[in-house]
Amino acid sequence: MTAHWGIRIAALAAAASVVLAGCGDTAAPPGTAAGTPTLGDPSRTASPPPSTTPKPTPNRPTPTPTPSKPPAKTARPGESHETNLMPVIQHGPRDKKRVALTFDADLTALMRKRLQHGKVKSYYNEPLITELRKHRVPATLFLTGMWMEQYPDRTRELAADPLFELGTHSYAHKGFTKHCYTLGTVPRAEMLADVRRAVVLLDQLDSHATRWFRFPGGCYDGTALHELAPAGVTAVGLDVPGADGFAKSPQRIVKQVMSQVQNGSIVVLHLHGGDNAPYTDEAITPIITGLRARGFEFVTVSQLMGG
């Protein structure tokens with residue numbers, strides 16, 4: 001019995017030697033370091049622990065990053081892509097009791113001379129802005145390029161106030177048609193450059209500047225609309241003239257506005273004060289309280305036009 005089992009064990013051992021001999025040249029299993037004995041191979045002995053020094057990796061080309069798409073440019077309020085005629089708005093939707101108060105900051109060459117010679121103290125009606133802030137009334141302010149050059153710090157201050165949005169009012173406040181009051185006339189060949197100059201100035205002072213634009217004196221015709229189409233702005237007209245220019249009393253301004261406002265109205269008044277619009281700040285509080293009593297909500301032009 002013992003001899004029989006001895007023969008079988010010897011046969012099994014010989015067979016195992018043949019099998020192991022056929023596997024001895026195979027690579028180590030994945031994850032097994034070179035020199036590490038393979039399980040079940042009596043012919044290999046354990047090697048010293050591998051060095052902790054990392055092996056150099058072969059040079060590999062750095063993958064080229066996939067270029068990312070630039071962020072989509074957000075359109076500014078009033079931005080136009082018309083190529084033939086500048087668009088014009090005169091009022092907002094009539095189905096809601098909303099009204100946009102707008103204020104023009106004029107400055108002409110003649111006004112600037114009066115300022116420099118001390119005939120006028122300032123063409124910035126600060127009490128008007130104080131009243132708007134006091135009553136938390138949003139407004140859209142249209143600034144001429146000359147006014148921004150004269151009051152750059154004021155422009156930045158107004159731009160930083162979330163109550164207000166800023167648009168342009170040409171550079172030199174000249175008319176874009178013949179016989180526009182006493183403003184003079186911008187030559188046709190200079191119209192586009194005049195408006196663009198004001199837009200560039202505003203962009204330098206206000207990172208959130210709109211593309212709303214107002215014609216000086218409200219004067220324009222088909223020629224002006226065609227010449228200014230490449231400026232990328234939208235003209236904002238009005239359906240309620242405030243009549244504060246050279247007004248003799250605040251009561252007249254209040255009566256004018258209150259008698260004409262309706263749903264969606266755009267009211268035009270003036271920001272520069274001085275001898276050109278001396279009573280706007282006194283008229284604004286009665287206008288605000290009177291329109292609120294009628295249920296009107298004050299909004300900017302952008303809000304009135306739905307963004």
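This is a short talk on how helix 9 packs and where the nonpolar cores lie in this structure.

Please keep in mind that we are looking at a predicted model. The protein has 307 residues, and 42% of them count as buried. Its secondary structure comes to 10 helices and 9 strands. If you take the contacts with a separation of 6 or more, 80% of them are between residues 24 or more positions apart.

I'll start with helix 9, residues 280–293, and its first partner, helix 3, residues 126–134. Their axes lie 8 Å apart, at an angle of about 15°. Angles under 35 degrees count as roughly parallel, so helix 3 is roughly parallel to helix 9. The crossing of the two is right-handed. On the helix 3 side, the contact uses Pro127, Leu128, Glu131 and Leu132. Helix 9 answers with Thr280, Asp281, Ile284, Thr285 and Ile288. Sorted by class, this contact of helix 3 with helix 9 holds 5 nonpolar, 2 polar and 2 charged residues.

Now the other partner, helix 8, residues 250–260. Here the axes of helix 8 and helix 9 come within 8 Å and cross at roughly 35°. This crossing, of helix 8 and helix 9, is also right-handed. Helix 8 brings Pro250, Ile253, Val254, Val257 and Met258 to the contact. From helix 9 come Thr280, Glu282, Ala283, Pro286, Ile287, Gly290 and Leu291. By class, the residues between helix 8 and helix 9 are 9 nonpolar, 2 polar and 1 charged. You may have noticed that Thr280 is listed in the contact with helix 3 and again in the contact with helix 8.

On to the cores. Which residues have the most contacts inside the largest nonpolar core? They are Phe103, Leu132, Leu141, Trp147, Leu158 and Leu271, in a core of 49 residues. Helix 9 supplies the largest share of this core, 5 residues. Leu132 ties this back to the packing, as one of the helix 3 residues in contact with helix 9.

Take Leu158 as an example. Setting aside neighbours within four places in sequence, Leu158 is in contact with Tyr124, Ile129, Arg133, Leu141, Trp147, Phe164, Leu166 and Leu271. Among these, Leu141, Trp147 and Leu271 are also on the list of residues with the most contacts inside the core.

There is also a second, separate core, with 15 residues. Phe176, Leu225, Leu228 and Ala235 are among them.

That is the end of the talk.

Technical notes. Residues are numbered from 1 along each chain as its sequence is written. This is a predicted model: local features need pLDDT of at least 70, side-chain atom pairs count only at pLDDT 80 or more; totals for chains, interfaces and linings use all residues. Side-chain values use heavy atoms; hydrogens and water are left out. Axes are lines fitted to C-alpha atoms, for helices over the stretch in contact, and angles run from 0 to 180 degrees between N-to-C directions. Helices (H or I, at least four residues) and strands (E, at least two) are DSSP runs, numbered from the N terminus. Angles under 35 degrees count as roughly parallel, over 145 as roughly antiparallel, 65 to 115 as roughly perpendicular and the rest as oblique. A crossing is left-handed if the near helix is turned anticlockwise from the far one by less than a right angle, and right-handed if clockwise. Contact means heavy atoms within 4.5 Å. Ala, Val, Leu, Ile, Met, Phe, Trp, Tyr, Cys and Pro count as nonpolar, Asp, Glu, Lys and Arg as charged, and the others, Gly among them, as polar. A nonpolar core is a set of buried Ala, Val, Leu, Ile, Met, Phe, Trp, Tyr and Cys residues joined through side-chain atoms within 4.5 Å. Buried means under 20% relative accessible area, exposed over 50%, partly exposed in between (1.4 Å probe, protein chains only).
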